[in-house]
Amino acid sequence: MITQKKRANGFEYIHVKNSVAEAEIALQGAHIFSYKTEENLLWLSETSVFESGKAIRGGIPLCWPAFGMNNPQLPQHGFARTMPFELIHVEEPTEDVTLLSLRLSDNEESRSLWDYHFELTLRITLSNRLKLELTTTNKDTKAFTLTQAFHTYFAISDIQNIHIDGLEGKPYLDALEQSQKIQQGSITFHREFDAVYQDVEKTIRLIDTNKTSTISTQGSTSCVVWNPWIDKCSRMSAMQADAYKKFVCIESANAYDDFKILQPQESHTLAVTFTTL
Ligand code: BG6
């Protein structure tokens with residue numbers, strides 16, 4: 001069942017429920033801010049605001065058309081996460097699968113920031129796994145460069161309890177030291193962590209005490225792993241001081257040297273599938 005809802009301040013979102021999953025998706029940013037099967041996949045800040053023009057803290061922000069400060073002329077992580085998408089397609093093929101598509105096209109505001117005609121579509125498949133396909137089409141007469149990410153905030157029992165497998169031996173940019181390193185073994189967390197992994201082709205596993213989530217990505221060879229730890233967390237907007245213990249971001253991306261150049265009429269799809277076991 002799909003229900004279009006509004007919070008008291010008019011902020012619009014979609015509530016989806018089928019026989020195996022339940023989710024909430026804001027029209028602003030096509031932002032999935034909750035997805036639950038028997039497990040809860042996503043972390044959402046208790047102090048997140050749901051306001052027009054402000055990014056939701058948690059869930060799956062879409063960083064687009066620039067990841068981080070890859071394009072210094074744009075706001076950090078681009079503008080899609082604070083722009084209204086339209087719901088263009090809904091389908092319930094079986095009782096345990098729901099499909100939705102949301103679209104953002106260029107508009108006066110986007111062109112004032114980034115002067116290109118484009119179409120951006122997020123296709124969401126909700127079942128006992130969550131599949132996202134983000135397709136960018138260049139509708140302009142000139143080529144553009146794209147960096148992007150699903151900036152997924154995973155809910156965890158405690159940052160000290162988790163480890164991440166699947167990135168062993170991979171080169172990465174340590175964004176805190178601005179130096180290139182090689183990942184030795186699993187990733188564990190003992191301090192602020194901000195890294196762009198490269199040459200990523202395998203499924204990544206987030207292993208917690210009572211659950212394991214898997215992340216399989218197509219259309220990308222980069223993945224950002226981030227936790228702000230104590231000091232940065234206390235400085236961040238819409239985040240409680242100890243929030244860093246309760247999430248880790250594993251961001252399926254086209255970032256750093258994994259950027260895409262799209263020629264006129266060309267499309268690119270970044271896709272990710274999450275499962276929780
Ligand atoms: C991560 C970056 O992807 O996003 C971090 O690597 C950044 O450096 C974080 O702090 C959160 O960004 P924002 O804009 O949502 O506060």
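Is Leu 41 buried or exposed? Leu 41 is buried, with a relative accessible area of 2%; buried means under 20% relative accessible area, exposed over 50%, and partly exposed in between, with a 1.4 Å probe and protein chains only. The model is predicted, and local features need pLDDT of at least 70, side-chain atom pairs count only at pLDDT 80 or more, and totals for chains, interfaces and linings use all residues. Residues are numbered from 1 along each chain as its sequence is written, and side-chain values use heavy atoms, with hydrogens and water left out.

Leu 41 lies in the loop between β4 (31-36) and β5. Helices (H or I, at least four residues) and strands (E, at least two) are DSSP runs, numbered from the N terminus. Between the C-alpha atoms of Leu 41 and Tyr 197 there are 22 Å, and the two residues are 156 apart along the chain. Glu 39 is also found in the loop between β4 and β5. With a relative accessible area of 31%, Glu 39 counts as partly exposed. From Glu 39 to His 151, 112 residues away along the chain, the C-alpha separation is 19 Å.

His 151 leads to the ligand, as one of the residues around it. The others in this shell are Arg 57, Phe 67, Gln 76, His 77, Arg 81, Asp 194, Trp 226, Lys 232, Met 236 and Glu 251. A residue belongs here if one of its heavy atoms lies within 4 Å of the ligand. Sorted by class, the shell has 3 nonpolar, 3 polar and 5 charged residues. In this sorting, Ala, Val, Leu, Ile, Met, Phe, Trp, Tyr, Cys and Pro count as nonpolar, Asp, Glu, Lys and Arg as charged, and the others, Gly among them, as polar.

Oxygen atoms of the ligand have polar side-chain atoms beside them. For Glu 251 the distance from such an atom to a ligand oxygen is 2.9 Å. For Gln 76 it is 3.0 Å, and for His 77 it is 3.0 Å. The protein covers 85% of the 400 Å² of accessible area that the ligand has on its own; accessible areas come from the Shrake-Rupley method with a 1.4 Å probe, and for residues only the protein chains shown count as cover. The space taken by the ligand is the largest pocket. A pocket, on a 1 Å grid over the protein atoms alone, is an open set of points with protein on both sides within 12 Å along at least five of seven lines.

Away from the ligand, two aspartates show what their side chains reach. Asp 106 is found in the loop between β7 (97-105) and α1 (108-113). Why does Asp 106 count as buried? Asp 106 counts as buried because its relative accessibility is 17%. Its side chain makes a polar contact of 2.6 Å with the side chain of Arg 111, and another of 2.8 Å joins the side chains of Asp 106 and His 117. A polar contact is a pair of N or O atoms within 3.5 Å; within protein, one must be able to donate a hydrogen and the other to accept it, and residues adjacent in sequence count only if both atoms are side-chain atoms.

Asp 174 lies in strand β14 (residues 171-174) and counts as buried, at 10% relative accessibility. The partners of the Asp 174 side chain are backbone atoms: a polar atom of this side chain lies 2.9 Å from the backbone nitrogen of Leu 176, and the side chain reaches the backbone nitrogen of Glu 177 at 3.1 Å.

The backbone itself has some uncommon geometry. Most residues other than glycine have a negative phi, and most peptide bonds are trans. Trp 64 and Pro 65 are joined by a cis peptide bond, with omega about 0 degrees. Pro 65 lies in the loop between β5 (62-63) and β6 (86-94). Asp 199, which is not a glycine, has a positive phi of about 55 degrees. Asp 199 sits in the loop between β16 (193-197) and β17 (204-207), and is partly exposed, with a relative accessible area of 46%. Tyr 256 has a positive phi of about 60 degrees and is not a glycine either. The loop between β20 (247-254) and β21 (260-262) holds Tyr 256, and this residue is partly exposed at 36%.

How values were computed:
On a 1 Å grid over the protein atoms alone, a cavity is a set of points where a 1.4 Å probe fits but cannot get out, and a pocket is an open set with protein on both sides within 12 Å along at least five of seven lines; lining residues have an atom within 4 Å of a point. A molecule sits in a cavity or pocket if more than half of its atoms lie within 2 Å of its grid points.
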